[in-house]
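Thank you all for coming, and please have the sequence and the structure open while I talk. I would like to go through charges and aromatic rings, taking each in turn.

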Amino acid sequence: MDEYKNNLKIEDTELKNKEEENESNTRNLTGVSHYLVVSIAIFMSLFHIYTLGFSPLSPWIFYSIHLGMGAVLILLLYPLTKKGNQQSKIPYIDFGLSILMVLVVSYLVINMDELIYRIGITPTNWDIVVGITILAIVLEITRRTCGILLPLIAIVFILYARFGEHIPGVLGHRGYSWERIISYLKGLDAIFSVPLAASANFVFLFIVFSAFIQVSGAGKFFIDFAMSVTGKARGGPAKTSVVASSLFGTVTGNSVANVVSSGAFTIPLMKKIGYKPKFAGAVEAVASTGGQIMPPILGSAAFIMAMLVGVPYLTVMTAAIIPALLYFTSVLLIVDLEAAKKGLKGLPGSQLPRLTQVLKNAHLIVPLFVLIFVLAVLQASPIRAALLAILSTLVVTLFKKESRMGLSKILEALSKGAQNALQMIAACATAGIIIGVLNLTGSGLKFASLIISWAGDMLPLALILTMIASIILGMGLPTTAAYLITAAVVAPALVELGVDHLISHMFVFYFACLSAITPPIALAAYAGAGISRAKPMEVAFTAMKLGLVAFIIPYMFVYGPSLLGIGSPLNIMVSIVSSLIGVFALGCALQRWFWGQSTNLIIQILLFSSALILIKPGLLSDSIGLLLIFISYVLRFTIFKQKTIEKQEESAAL
């Protein structure tokens, strides 16, 4: 236990260093500049808590202030270029842009009543100036926080709105004037549409709650708990990575942040017991990516999905439970089989925390249960659930002196919460531009028609095309932005083919998440590679192999909605059992290890085929899948028996 404590001190330092590296794209502000940014961030969090909890504002006013404060913080905190991350002071140009953003927001708020009737119809000259300014600032803050790809996509869509008449075929449309486009895009059907509405109304509070949980010390509890439960098991650190990342994912909902937070601890331990660097990095990337589909919070995109589909957030959260179970079961199975193949052991007890000691800090995760209780039992709004969860965090930390959150920690959590939300705010605003163009031109259904025409009304082919489109559109983007684009462009195609609205959005949501581990631009895999010191592309392809089950799960719930909790309890239970068997078969096929020994190609093909057949629920398909697994076992037993006889004969001959 003492050895574990000493190791933990070193690893805590490494964790902080990794977190600092992850935030290196922000300025290293000091003095007055630092306190200015922190003060604005604290005020932003308090403003949202007060407005959402006690004194609601008109939606447009609230969304405008939400975007305005987010943009100001980004301009002050994120440099114009990557080289600017060493700046200790804020350049005058960014001060100027911040003031300009404040003026723009003021114009929107003051003229709201008139603007509502002028948007996209009879804009004034000042409307156009304000529209150009807000579009330029939104694209710039997105470039600084999310990279160049998302702003470029938005610019392409803007050009499409203007010059659509030059595009032949299904996607062509009559072009609109610049005045109408600019005026329309700054309205409630574009920048301030559903994505930014969800960001302001729901997601921001949950990110603040996440910051409170992390500052309270719950993150350390997650790692300690995972270590104490799985550390001694075969390939223990890899299983710790999966369990810890699933727990982190209930709070963070961000794959890269999850990799950095838990990976700084688990990846070195995986390498220490014998996992290859690329495998260690891939395990953490896959596990952390799965955190975005882990209830109760999931990724921030889940809140937006609830608004787009028109269902309570509880419905989305419930639908995600069984797929998340399958996802993490598959990853645990694969790392276990890898350990079995290589004969990897767990860690000695002296290097692990004692479960009894760890559970003494279990009060730190009570706020998560409060959140679930308020959402699931009381069926209150996500806003009330988040506010009560934040309050409960403050209360439970009072139970022990070492976990108590004083004023400094509360202010730290408020500041961190606002700063952690900045990338999401920028991505939602820019995604709103894309949605605005689709609304203006009516091209959303045209993209859907294009996919349907290519698929020829065949659902399996349409699903494959949708998957490819979702992954391509999501590469290099934050999950929220990736989901928003795919939900607007390709999800309608599945709805047109008769797939339920929620299922269609869950399908593209899954692949938006999986873009984080899909080459060539796999952000989570690259983060894991940085910690494991492996080649990024090797980590990405290994992660894709480890997460192959996750690429199949969306097809499973399209053909078997019971996996989303839809249908009778009996059907749901049967689907869970058959799916878990399919996951087992696929894991064994991928690792070429079945029932304690390596397999040949025939058994591997049989296992893989059975897993694919078990995707489609039904008595016939389940029976065929189980039969193939049984045949695989018989072949494995026969081969094993033959090898044993041959060894005995060789021994007898000697």
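Before we look at any residue, we need one definition: a residue is called buried when its relative accessible area is under 20%, exposed when it is over 50%, and partly exposed in between. Please also keep in mind that this is a predicted model.

Let us begin with Lys276, which sits in the loop between α12 (255-273) and α13 (277-290). Its relative accessible area is 48%, so Lys276 counts as partly exposed. On the surface, Lys276 belongs to a patch of positive charge, where it gathers with Lys278, Lys341, Lys545 and Arg592.

Now to charges that are paired, where the count of salt bridges comes to 10. One of them joins the side chains of Lys220 and Asp224, with N to O at 2.8 Å, and both residues lie in helix α10 (residues 218-230), 4 residues apart, which is about one turn of the helix. Are these two partners buried or partly exposed? Lys220 has a relative accessible area of 40% and is therefore partly exposed, whereas Asp224, at 8%, is buried.

A salt bridge can also connect parts of the chain that are distant in sequence, and here I would point to Asp336 and Lys239, whose closest N and O atoms are 2.7 Å apart. Asp336 lies in helix α16 (residues 321-342) and Lys239 in helix α11 (residues 236-249), so that 97 residues separate them along the chain. Asp336 has a relative accessibility of 16% and therefore counts as buried, and Lys239, at 13%, counts as buried too. There is also a network, in which salt bridges with shared partners join Arg27, Asp94, Glu140, Arg143 and Arg144. Another salt bridge, between Asp127 and Arg118, has an N to O distance of 2.7 Å, and both of these residues are buried.

Finally, we come to the rings, of which the structure holds 24 aromatic pairs. In one of them, the ring centres of Trp60 and Phe192 are 6.3 Å apart and the planes stand at 55°, so this pair is tilted. Trp60 is in helix α3 (residues 59-77), while Phe192 is in the loop between α8 (178-185) and α9 (194-216), 132 residues away; both are buried. The rings of Tyr327 and Phe328, by contrast, have centres 5.3 Å apart and planes at 65°, and therefore form an edge-to-face pair. Tyr327 and Phe328 are both buried.

Terms used
Residues are numbered from 1 along each chain as its sequence is written. This is a predicted model: local features need pLDDT of at least 70, side-chain atom pairs count only at pLDDT 80 or more; totals for chains, interfaces and linings use all residues. Side-chain values use heavy atoms; hydrogens and water are left out. Patches are made of residues with over 30% relative accessible area and no salt bridge: like charges are joined within 9 Å, nonpolar side chains (Val, Leu, Ile, Met, Phe, Trp, Tyr) within 5 Å. Accessible areas come from the Shrake-Rupley method with a 1.4 Å probe; for residues, only the protein chains shown count as cover. A salt bridge is a side-chain nitrogen of Lys or Arg within 4 Å of a carboxyl oxygen of Asp or Glu. Lys and Arg count as positive and Asp and Glu as negative; His and the chain ends are not counted. The place of a charge is taken as NZ of Lys, CZ of Arg, CG of Asp or CD of Glu. Helices (H or I, at least four residues) and strands (E, at least two) are DSSP runs, numbered from the N terminus. Buried means under 20% relative accessible area, exposed over 50%, partly exposed in between (1.4 Å probe, protein chains only). Rings of Phe, Tyr and Trp (its six-membered ring) pair if their centres lie within 6.5 Å; planes under 30 degrees apart count as stacked, over 60 as edge-to-face and the rest as tilted.
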